[in-house]
Amino acid sequence: MVYYATRERRKGGDALKKKFLIVALLTSVIILCFIGTAMHAQALSGDLNGDTSVDIYDALELIAVFGLEEGQTGWNPDADLNVDTVIDIFDAILLASNFGMETV
Ligand SMILES: [Ca+2]
Ligand SMILES: [Ca+2]
């Protein structure tokens with residue numbers, strides 16, 4: 001009888017562990033969804049004018065400051081997409097890689 005009661009208690013404990021694991025898993029999924037949404041809501045790299053899309057107007061802004069280095073007149077830190085203190089072809093490539101994309 002004692003053995004049976006212990007076994008039943010263990011079964012209950014196992015069921016509780018399973019429920020705990022399921023709740024922990026679901027909580028993790030929900031947290032990851034929130035993190036993913038937050039990351040997606042971040043500014044889109046290449047959206048220099050902040051209108052939530054990367055398009056020709058952003059490319060024109062980058063062209064306007066192309067070749068400038070940090071500290072020079074006209075420097076636009078937003079156009080330095082790879083943050084290497086110069087606005088060059090690598091920033092243009094980053095903008096081009098997101099060209100046509102929009103944030104939701
Ligand atoms: Ca834009
Ligand atoms: Ca750069």
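Leaving out neighbours within four places in sequence, Thr52 makes contact with Asp47, Glu102 and Thr103. That is one detail of a predicted model. This report starts at Thr52, then moves on to the chain as a whole, the helix pair and the core.

**Thr52 and Thr85**

Thr52 sits in the loop between α1 (2-41) and α2. Its C-alpha atom is 7.8 Å from that of Val104, although 52 residues separate the two along the chain. Is Thr52 buried, partly exposed or exposed? It has 13 C-beta neighbours inside 10 Å, so Thr52 counts as partly exposed.

The backbone of Thr52 also deserves a look. Its phi is near 70 degrees, a positive value in a residue other than glycine. Thr85 is not a glycine either, and has a positive phi of about 65 degrees. Thr85 is placed in the loop between α2 and α3. Thr85 is exposed, because 12 other C-beta atoms lie within 10 Å.

The table sets these two residues beside Leu48, which is described further below.

| Residue | Loop | C-beta atoms within 10 Å | Class |
|---|---|---|---|
| Thr52 | between α1 and α2 | 13 | partly exposed |
| Thr85 | between α2 and α3 | 12 | exposed |
| Leu48 | between α1 and α2 | 23 | buried |

**The chain as a whole**

The protein chain has 3 helices and 0 strands. From the N terminus, its elements run α-α-α. The chain has 104 residues, and 12% of them count as buried. Consider the contacts with a separation of 6 or more: 43% of them join residues 24 or more positions apart.

How confident is the prediction? The mean pLDDT of the protein chain is 81, and 71% of the residues score at least 70. Confidence varies by element. Helix α1 has the lowest mean pLDDT, 59, and α2 has the highest, 97. Over residues 32-41, pLDDT stays under 50. For that stretch, the model has 2 contacts beyond four places in sequence.

**The pair α2 and α3**

Helix α2 covers residues 56-64, and helix α3 covers residues 89-97. How do the two pack? Their angle is about 175 degrees, and their axes are 11 Å apart. The two helices are therefore roughly antiparallel to each other. On the α2 side, the contact is made by Asp58, Ala59 and Leu62. On the α3 side, Asp91, Ala92 and Leu95 make it. By class, this contact has 4 nonpolar, no polar and 2 charged residues.

**The core and Leu48**

Which residues form the largest nonpolar core? It has 7 residues: Leu48, Val54, Leu62, Ala79, Leu81, Ile87 and Leu95. Leu62 and Leu95 belong to this core and also take part in the contact of α2 with α3. In soluble globular proteins, nonpolar side chains tend to be buried together.

Leu48 is a core member that lies in the loop between α1 and α2. Why does Leu48 count as buried? It has 23 C-beta neighbours inside 10 Å, and 20 or more are needed for a residue to be buried. Setting aside residues up to four places away in sequence, Leu48 touches Asp58, Glu61, Leu62, Asp78 and Ala79. Among them, Leu62 and Ala79 are also in the core. Asp58 is one of the α2 residues in the contact with α3. Leu48 and Leu60 are 12 residues apart in sequence, and their C-alpha atoms are 9.6 Å apart in space.

Methods:
Residues numbered from 1 in each chain as written. Chains lettered and ligands numbered in written order. Predicted model: local features only at pLDDT ≥ 70, side-chain atom pairs only at ≥ 80, totals over all residues. Axes fitted to C-alpha atoms, helices over the stretch in contact; angles between N-to-C directions. Helix = DSSP H or I, 4+ residues; strand = E, 2+ residues; numbered from the N terminus. Parallel < 35°, antiparallel > 145°, perpendicular 65-115°, else oblique. Contact = placed C-beta atoms within 7 Å. Nonpolar A, V, L, I, M, F, W, Y, C, P; charged D, E, K, R; others polar. Core = buried A, V, L, I, M, F, W, Y, C linked by C-beta atoms within 7 Å. pLDDT = per-residue confidence, 0-100.
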